[in-house]
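Visitor: I am new to this structure and would like a close look at a single part of it. Please take me through that part slowly, and show me what surrounds it.

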Amino acid sequence: MVRRTGKPSPEGRRVWVTAGVVRRVAPYASLLAMAIVLSLLSPHFLTLENLFAIGVQMAVIAIMAIGQILIIISAGIDLSVGSVMALAGVICTMLVVSGVPIGLGILAGTLVGGVCGLVNGSLIAYGFLPPFIATLGMMGIARGAALLLTGGVPIFGLPPGFNFLGGGRILFGLPVPVAILIALALAGHFVLTRTRFGRYVFAIGSNAEAARLSGINVRATLTRIYTYAGLLYGFAGVLMASRLSTGQPTAGTGYELDVIAACVIGGASLSGGEGTVLGAIMGALIMGVLRNGCNLLDISAFWQQIAIGVIIVAAVFSDQYRKHKLGRFG
């Protein structure tokens, strides 16, 4: 029986809580199950070097997912991820090759991502463009700029010191990209859960009009969200360029889908208002383990895409089913 009191019925609350718990636990349970199965099927999976290789491979996607998760929680989406990453990497490597100190090149590449994010956020918040359209336009602009600057040719001739960021190791042999990912994940979790800005992100994603009426400057906050994400995309581009030892104008093609998938698999709702940084990292890790496992078992890359597609559909279905159930019993 449907109640019309405006408050969820006890049955509705039980459905919401149960489905919510299942949705939060599912990424961790899936990752554990995959790890157990792959360790049984391949003796190489649980070796330290292979686990480090997974960490290095998924670090770039996970870093960008930390930015994308804030956008998704605010009920937006960013399709310019891969293109901004490529542009940042190209500009950073061009500067370093021309003689600019490595530190300044890294800073410049990161700021390029921030500027792209600032433009995205401004177009959405003050230009009233839908996030899909604004970021789709930026996707084309950033990719075109990267190709224009390089003539479609990769940038070579980087100094050896530049490779440390993407290929170096620190204490106990821990790869530098993994150490950076851990630091950025902790910082992102703190920002999202312990700051006023993080609370504003959830409030806007849950109900932007209610957030505005409660005194939140929605436009300024949206601009900051996209700028914050852009900075992370830019730094991820620098990290990728360092790992490849070259500035690739075609780098990151298709990464927008991987980054969005990582957030959705990790429990974020495309309707906004839900998601965690740790969940996004778990989503990226699941895709990294899946791809690594398929490579170890010599399974076609086409099957990897199919498997990831099925996981995304299952995650979104779970979210929509939960909301449908609450609406039915609410």
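In which helix is Met240 found?

Guide: The model shown here is a predicted one, and in it Met240 is found in helix α10, which covers residues 218-244. With a relative accessibility of 7%, Met240 counts as buried, because the cut-off for that word is under 20%. Leaving aside residues up to four places away in sequence, Met240 touches Val60, Met85 and Tyr255. The C-alpha atoms of Met240 and Asn163 are separated by 9.8 Å, although the two residues stand 77 apart along the chain.

One of the contacts of Met240, Tyr255, leads to helix α11, which is made of residues 255-265. This helix is mostly covered, since nine of its eleven residues are buried, among them Glu256, Asp258, Val259 and Ile260. Just after α11, Gly267 takes a positive phi of about 105°.

Asp258 deserves a pause, for its side chain meets that of Arg291 in a salt bridge, with 3.3 Å from N to O. Arg291 lies in helix α12 (residues 277-296) and Asp258 in helix α11, so the pair ties together parts that are 33 residues apart in sequence. The two partners differ in their cover, as Asp258 counts as buried at 13% relative accessibility, while Arg291, at 22%, counts as partly exposed.

Another contact of Met240, Val60, has a number that falls within helix α2, residues 48-73. The largest nonpolar core has 84 residues, and those that touch the most other members are Met64, Ile69, Phe162, Leu181 and Ile281; to this core helix α2 gives the most, with 15 residues. Phe162, again not counting residues up to four places away in sequence, touches a group of residues including Val238, Ala241 and Ser242, as well as Cys92, Thr93 and Val96.

Helix α2 also takes part in a salt bridge, in which Glu49 pairs with Arg169 and the closest N and O atoms are 3.2 Å apart. Glu49 lies in helix α2 and Arg169 in the loop between α6 (164-167) and α7 (176-194), so this pair ties together parts that are 120 residues apart in sequence. Both ends are partly exposed, Glu49 with a relative accessible area of 49% and Arg169 with one of 41%.

How values were computed
Residues are numbered from 1 along each chain as its sequence is written. This is a predicted model: local features need pLDDT of at least 70, side-chain atom pairs count only at pLDDT 80 or more; totals for chains, interfaces and linings use all residues. Side-chain values use heavy atoms; hydrogens and water are left out. Helices (H or I, at least four residues) and strands (E, at least two) are DSSP runs, numbered from the N terminus. Buried means under 20% relative accessible area, exposed over 50%, partly exposed in between (1.4 Å probe, protein chains only). Contact means heavy atoms within 4.5 Å. A nonpolar core is a set of buried Ala, Val, Leu, Ile, Met, Phe, Trp, Tyr and Cys residues joined through side-chain atoms within 4.5 Å. A salt bridge is a side-chain nitrogen of Lys or Arg within 4 Å of a carboxyl oxygen of Asp or Glu.
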